[in-house]
Amino acid sequence: MIIKLPVDRIKFGLIGSGKVCVEFSKILIKNGFPKPVIVTWPKVRHKRDKVLLRNNTNYADVFSFSKKYDITIIESININNDDTLDLLEKYNVNILFSIKSRWIIKDYVIKKFDGNVINIHQGYLPFERGSVTYQKIMNGFKQTGVTIHLVSPTIDTGDILYREKREITTNNPTIDIINDINFRISIKLLNEFVYDLKGMIEIKQIKQENDASIYMPQFYTEINGAINWVWDALSIDRFIRAFGPPMPGAFTFYKDKIFSLLESYIEKSNKKYHPYFYGRIVTIKDDGSMRIITKDDYLIVSKVRYGK
């Protein structure tokens with residue numbers, strides 16, 4: 001892939017939201033590119049993210065950023081509709097760059113931009129297609145990665161342009177820990193991409209090995225976050241971290257009320273209980289944490305919130 005255009009004639013349309021989108025906008029401006037146009041879903045649909053992530057270091061509000069830096073922002077129902085494409089043409093956008101977009105970009109849009117439609121994916125392709133972070137935690141994986149790739153009509157299957165992976169060094173990673181590692185990788189790869197683009201350097205395209213791919217669907221805490229107390233303590237602890245802050249938290253029921261379990265750890269036990277007792281709270285400790293029976297060890301839940 002090589003784009004033989006001077007910097008002042010390359011106009012990006014950034015599709016998505018969040019901190020990586022904001023930081024990439026800054027990188028482009030710093031390197032002399034025209035201010036990008038940001039395309040995102042209607043502001044009202046950002047409400048959940050803004051509530052959940054308002055105090056999170058890995059979050060940035062694209063609306064506040066766009067206002068501060070005088071960047072055009074398009075609120076769209078769908079990137080593929082004619083109204084949005086007409087606006088992108090009006091603003092002379094010639095490269096689309098997807099950053100945590102909620103839309104699958106259609107083939108006719110890719111063709112309209114001569115194949116210059118790119119995505120940054122929070123996973124190491126082809127092995128981590130789809131939604132990645134939660135399943136890394138649940139499965140105890142020790143690496144995380146980021147890939148920049150060309151967009152194709154099917155999810156995360158386009159040619160790879162840049163990718164990097166790093167070790168997860170903590171034994172009990174959380175969403176925030178993995179997001180922080182991925183953010184640093186993302187900024188590194190985006191700077192490499194911009195450097196090559198400015199120099200009109202050919203970017204090597206690597207075909208994905210489809211048979212090596214693993215696809216995981218998007219999970220939603222409020223729907224998929226119910227704890228199964230038949231699992232062993234380690235599986236439950238990982239599940240709580242995978243659906244934990246900044247997300248609403250894995251949940252369970254106690255006396256017909258719903259509770260979100262936000263933080264936990266394992267307490268080893270030599271006792272083995274009948275499955276009837278799995279999930280039973282047997283101790284409220286002096287610090288307020290709860291000791292719960294599981295299939296093998298005790299689970300100590302140290303932070304709880306009423307409701308989802």
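**Exercise 1. Work out how E12 is joined to strand E13, and which residue of E13 is the bridge partner of Ile-281.**

Solution. This is a predicted model, so keep that in mind as you go.
- Start with the two strands: E13 covers residues 290-293, and E12 covers 281-284.
- Next, look at the direction: E12 and E13 run antiparallel, with three bridges joining them.
- Now pick out Ile-281: across in E13, its bridge partner is Ile-292.

**Exercise 2. Put the five strands of this open sheet in order, and explain why one side of E10 and of E12 is left without a neighbour.**

Solution.
- Walk across the sheet and you get E10-E11-E14-E13-E12, with antiparallel pairing.
- Check the edges: E10 (250-254) and E12 (281-284) each have a single partner strand, so each has one side with no neighbour in the sheet.
- Then take the twist, which averages 45° from one strand to the next.

**Exercise 3. Find the strands that helix H9 lies across, and its angle to E11.**

Solution.
- Locate H9 at residues 233-242.
- Follow it over the sheet: H9 lies across E10, E11 (257-267) and E14 (298-306).
- Compare directions: H9 runs at about 120° to E11.

**Exercise 4. Zoom out and describe the whole chain.**

Solution.
- Count the elements: nine helices and 14 strands.
- Box up the C-alpha atoms: along the principal axes, they fill roughly 70 × 40 × 30 Å.
- Check burial: of the 308 residues, 49% are buried.
- Finish with charge: there are 46 positive and 34 negative side chains, and the centres of these two sets lie 4 Å apart.

Key. Residues numbered from 1 in each chain as written. Predicted model: local features only at pLDDT ≥ 70, side-chain atom pairs only at ≥ 80, totals over all residues. Heavy atoms only, no water. Helix = DSSP H or I, 4+ residues; strand = E, 2+ residues; numbered from the N terminus. Buried < 20%, exposed > 50% of the residue type's maximum accessible area, 1.4 Å probe, protein only. Lys, Arg positive; Asp, Glu negative; His and termini not counted. Charge placed at Lys NZ, Arg CZ, Asp CG, Glu CD. Pairing = 2+ DSSP bridges. Axes fitted to C-alpha atoms, helices over the stretch in contact; angles between N-to-C directions. Contact = heavy atoms within 4.5 Å.
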